[in-house]
Amino acid sequence: MRQLLDVPAPAKLNLFLHITGRRADGYHLLQSVFMLIDWCDTLHFERRAGGVISREDIGDSGPALPEQDLVVRAAQALQQATGCEWGAHIALDKQIPQEAGMGGGSSDAASCLLALNRLWGLKLPLEQLMQIGLQLGADVPFFLGGDNAWVEGVGEQLTPIALPAAEFLVLKPPTGASTPKIFQSPALKRDSSCSTIEDFVASACVFSHGHNDLQPVATDLCPDIKIGLDWLKNQNLSGRMTGSGSALFAPASQASVVDITTLPANWIARSCKNLFEHPLKQWRK
């Protein structure tokens with residue numbers, strides 16, 4: 001096998017995000033539910049001799065990625081962890097918006113690890129891929145895990161959770177919010193009460209459970225977030241921010257028929273459905 005084509009990397013939404021504390025090393029403790037959706041990047045892999053990792057951006061969906069993006073770093077980390085002498089050329093069709101809080105870069109890295117583990121014949125177990133993934137970013141293990149998940153710790157403690165099928169309207173303004181600035185802000189609430197999976201499951205609607213502690217600070221940094229939330233409210237939809245933003249989402253039983261012509265210019269709006277599991281879940285074995 002010399003190629004793996006059309007490898008998906010799905011986005012995620014944070015159904016809620018509570019900051020419950022802060023460790024001595026500065027990392028924030030959180031609780032959240034990460035949910036996979038059918039908005040995906042697509043990657044294509046070609047095995048090459050010589051150990052060189054190269055990446056080509058295809059499509060036209062946003063600013064160019066840095067040369068050492070998470071995909072390249074994931075491939076290099078897998079080489080370093082295994083001593084593998086194979087290289088790869090990776091073509092990336094980037095569709096998930098950047099600076100959105102939807103985990104696009106982390107998802108690309110996870111799909112890269114899964115794909116190259118197969119293409120290079122490494123046969124690393126999931127536990128080892130998880131260790132490599134965590135070094136790349138706190139969200140990468142979630143995308144390797146294969147399931148929607150209750151998330152705790154700094155994002156590395158994952159408990160699979162079943163969610164009902166649902167449709168969402170996802171908005172992305174043209175501006176983004178700086179994740180470091182959000183977490184460094186003295187205004188960030190860091191003492192939300194701890195919740196439990198039982199509390200979440202018992203909610204009248206799991207998609208409106210809790211809140212996003214990052215949203216108030218992100219809104220101050222990125223006024224477009226308030227514009228988007230107000231727009232959703234005017235559509236009789238209850239919106240919130242995902243992750244550190246600036247993407248917003250709202251449950252909408254008929255999201256595809258919402259009139260988006262009144263959105264400001266250069267906004268992205270997309271009707272999405274949640275996924276019950278990652279499309280590459282079987283590649284973990």
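Two strands are said to pair if DSSP finds at least two bridges between them. With that in mind, the tour of this predicted model begins at a sheet and then moves to the helices.

**Stop 1: strands β7 and β9.** Select residues 167–172, which form strand β7, and residues 248–251, which form strand β9. The two strands pair in the antiparallel sense, over 4 bridges. Within this pair, place the view on F168, which stands opposite P251 in β9.

**Stop 2: the other neighbour of β7.** Add strand β10, residues 268–273. β10 runs antiparallel to β7 and is joined to it by 6 bridges. F168 serves again as a landmark: its bridge partner in β10 is C272.

**Stop 3: the whole sheet.** Now add β8, residues 240–241. The 4 strands form an open sheet in the order β8-β9-β7-β10, with antiparallel pairing. Which strands stand at the edges? They are β8 and β10; each has a single partner strand, so one side of each is left without a neighbour in the sheet. Helix α8, residues 224–234, packs on the sheet and touches β7, β8 and β9. The direction of α8 makes about 15° with that of β9.

**Stop 4: the side chains of β7.** Display the side chains of residues 167–172. In a regular strand, side chains alternate between the two faces of the sheet. Here E167, L169 and L171 point one way from β7, while F168, V170 and K172 point the other way. Are these residues buried or exposed? All are buried. Because 6 of the 6 residues of β7 are buried, the strand is largely enclosed by the rest of the structure.

**Stop 5: helices α1 and α2.** Select residues 70–82 for α1 and residues 104–119 for α2. Their axes lie 8 Å apart, and the helices pack at an angle of about 35°. The crossing of α1 past α2 is right-handed. On the α1 side, the contact is made by L70, V71, A74, A75 and L78; the residues they meet in α2 include A109, C112, L113 and L116. The residues of this contact divide into 9 nonpolar, 3 polar and 1 charged.

**Stop 6: helix α3.** Finally, select residues 126–136. The buried residues of α3 are L126, L129, I132, G133 and L136. They cover an arc of only 120° around the axis, which puts them on the same side of α3. These buried residues pack against α1, α2 and α4 (140–145). Rotate the view to the face turned away from the buried side, where the exposed residues E127, Q131 and Q135 are found.

Technical notes
Residues numbered from 1 in each chain as written. Predicted model: local features only at pLDDT ≥ 70, side-chain atom pairs only at ≥ 80, totals over all residues. Heavy atoms only, no water. Axes fitted to C-alpha atoms, helices over the stretch in contact; angles between N-to-C directions. Left-handed = near helix turned anticlockwise from the far one by under 90°. Contact = heavy atoms within 4.5 Å. Nonpolar A, V, L, I, M, F, W, Y, C, P; charged D, E, K, R; others polar. Buried < 20%, exposed > 50% of the residue type's maximum accessible area, 1.4 Å probe, protein only. Arc of directions from axis to C-beta.
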